[in-house]
Amino acid sequence: MNPEELRRLHPVLSIGIATPYNVDQASGVNDNVFTTAEEFRRRGHKVRVIGYSGNHTEIEDFIDTDGIRLKLPISGSVINVALRTPRWDDIIKRELMHDGRFDAFILHELGPFAFPQHFVTRMNHNRTANIGVTHASGLSWWNPVHNAYLDLVGTKKSIRRNLHRMFAVSHVAEALTKYYVPGDYEILPNPVDTTLYNPDKRRRLFDDDRMNVLFVGRHGRTEKRKGFRYLARAFKIILDEARYSDRIRLIVGGPGELDRESREVLSTLPSDSYIVLGPKPIPEKELIELYASADILVSPATGHESFGLVVAKSM
């Protein structure tokens with residue numbers, strides 16, 4: 001069904017999708033936000049993404065919440081969020097809840113101090129359809145602190161009162177969310193655009209017969225949960241066998257600087273046996289080509305993964 005046919009069958013809706021994270025940072029949450037936004041637009045709806053951009057990136061129909069930037073080490077990773085400023089209430093009043101400009105809001109990750117959580121406490125009288133989507137998984141030292149904060153500021157009551165539907169991207173994400181706010185949740189996996197990520201669209205990026213082993217994801221000293229150091233060790237063991245020395249190639253795709261241990265391991269290998277891309281995020285067009293050229297994808301994540309988006313894209 002083409003977009004014109006979809007428009008005839010469905011009314012045009014105005015939808016706001018909010019993320020608490022820096023939209024310039026690669027993450028499963030942001031991937032969900034922009035993939036969903038593009039699909040809604042394909043169906044003829046009007047979509048505005050609400051978040052903040054550390055680099056003030058030009059994004060179609062984007063509302064930049066700005067805020068005080070902060071890096072939080074949580075669950076073996078470091079997330080980039082923006083803390084509340086007086087401008088947030090002005091954005092909510094003038095751009096989000098004024099004159100019925102929106103029919104629906106989708107709020108991702110109602111984490112502490114971030115914009116989606118603040119917004120849900122201001123929705124008491126709006127007439128939109130309000131949807132919450134949770135992604136995080138795994139208990140840590142932070143969870144009891146967060147739980148106490150939600151009780152203190154009354155956010156749990158606002159979530160129950162103002163959100164009409166709650167989704168989790170997986171059962172482990174649902175379990176963590178229920179730790180904070182018990183209730184009925186529906187499982188809605190992260191979306192993957194199969195017109196872009198498709199095993200039938202195989203291609204070769206290198207003019208040789210080497211097997212390509214692909215790692216995709218943030219890596220480095222602050223991203224230990226992705227487990228790249230274990231892949232580096234395993235790859236060395238394989239390459240130490242003479243029969244594989246010139247038959248396999250490791251491709252490291254994702255933002256970040258390699259940690260010292262991984263650098264030391266890779267430095268002992270032939271320079272043509274691996275390629276490290278980055279440290280900046282890889283444009284999606286190039287990422288799609290990497291997936292299409294890979295023979296094997298390895299995801300050595302050690303935990304706190306609510307949804308294997310990298311694995312899903314490879315399938």
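## Pockets, a cavity and two helices in a predicted model

The second largest pocket has a volume of about 460 Å³. Of the 23 residues in its lining, those closest to the centre of this pocket are Gln25, Lys71, Asn80, Arg218 and Pro255, and the elements β4 (68-74) and β5 (77-83) each contribute at least two residues to the lining. The coordinates discussed here belong to a predicted model, in which the protein chain averages a pLDDT of 85, with 93% of the residues scoring at least 70.

Confidence varies along the chain: among its elements, helix α1 (residues 3-9) has the lowest mean pLDDT, 58, while β9 has the highest, 95. Where pLDDT is low, predicted coordinates should not be read in detail.

Enclosed space is treated separately from the open pocket. The count comes to one cavity of 30 Å³ or more, and about 40 Å³ of space lies in the largest cavity. Thr19, Pro20, Gly51, Tyr52, Thr65, Asp66, Ala82, Trp88, Ala114 and Phe115 line the largest cavity, and the elements giving two or more residues to that lining are β1 (14-22) and β2 (46-52). The table sets out the composition of the two linings.

| Lining | Nonpolar residues | Polar residues | Charged residues |
|---|---|---|---|
| Second largest pocket | six nonpolar | nine polar | eight charged |
| Largest cavity | six nonpolar | three polar | one charged |

Two helices show how buried residues are covered by neighbouring elements. In helix α7 (residues 171-180), the buried residues are Ala173, Glu174, Leu176, Thr177 and Tyr180. These residues cover an arc of only 165 degrees around the axis, which means that they lie on the same side of α7. An α-helix has 3.6 residues a turn, so residues three or four places apart point the same way. The buried residues of α7 pack against two helices and three strands, namely α5 (142-153) and α6 (155-162) together with β7 (129-134), β8 (165-168) and β9 (186-187). One of these partners, β9, is the element with the highest mean pLDDT in the protein chain.

Which residues of helix α10 (residues 284-293) are buried? They are Leu287, Ile288, Leu290, Tyr291, Ala292 and Ser293. The cover over the buried residues of α10 includes the strands β10 (211-216), β11 (248-253) and β13 (296-297), as well as the helix α11 (309-314).

Conventions. Residues are numbered from 1 along each chain as its sequence is written. This is a predicted model: local features need pLDDT of at least 70, side-chain atom pairs count only at pLDDT 80 or more; totals for chains, interfaces and linings use all residues. Side-chain values use heavy atoms; hydrogens and water are left out. Buried means under 20% relative accessible area, exposed over 50%, partly exposed in between (1.4 Å probe, protein chains only). Helices (H or I, at least four residues) and strands (E, at least two) are DSSP runs, numbered from the N terminus. The arc is that of the directions from the helix axis to the C-beta atoms. Contact means heavy atoms within 4.5 Å. On a 1 Å grid over the protein atoms alone, a cavity is a set of points where a 1.4 Å probe fits but cannot get out, and a pocket is an open set with protein on both sides within 12 Å along at least five of seven lines; lining residues have an atom within 4 Å of a point. Grid points are joined across faces, edges and corners, and a volume is the space filled by probe spheres set on the points. Ala, Val, Leu, Ile, Met, Phe, Trp, Tyr, Cys and Pro count as nonpolar, Asp, Glu, Lys and Arg as charged, and the others, Gly among them, as polar. pLDDT is the predictor's confidence in each residue, from 0 to 100.
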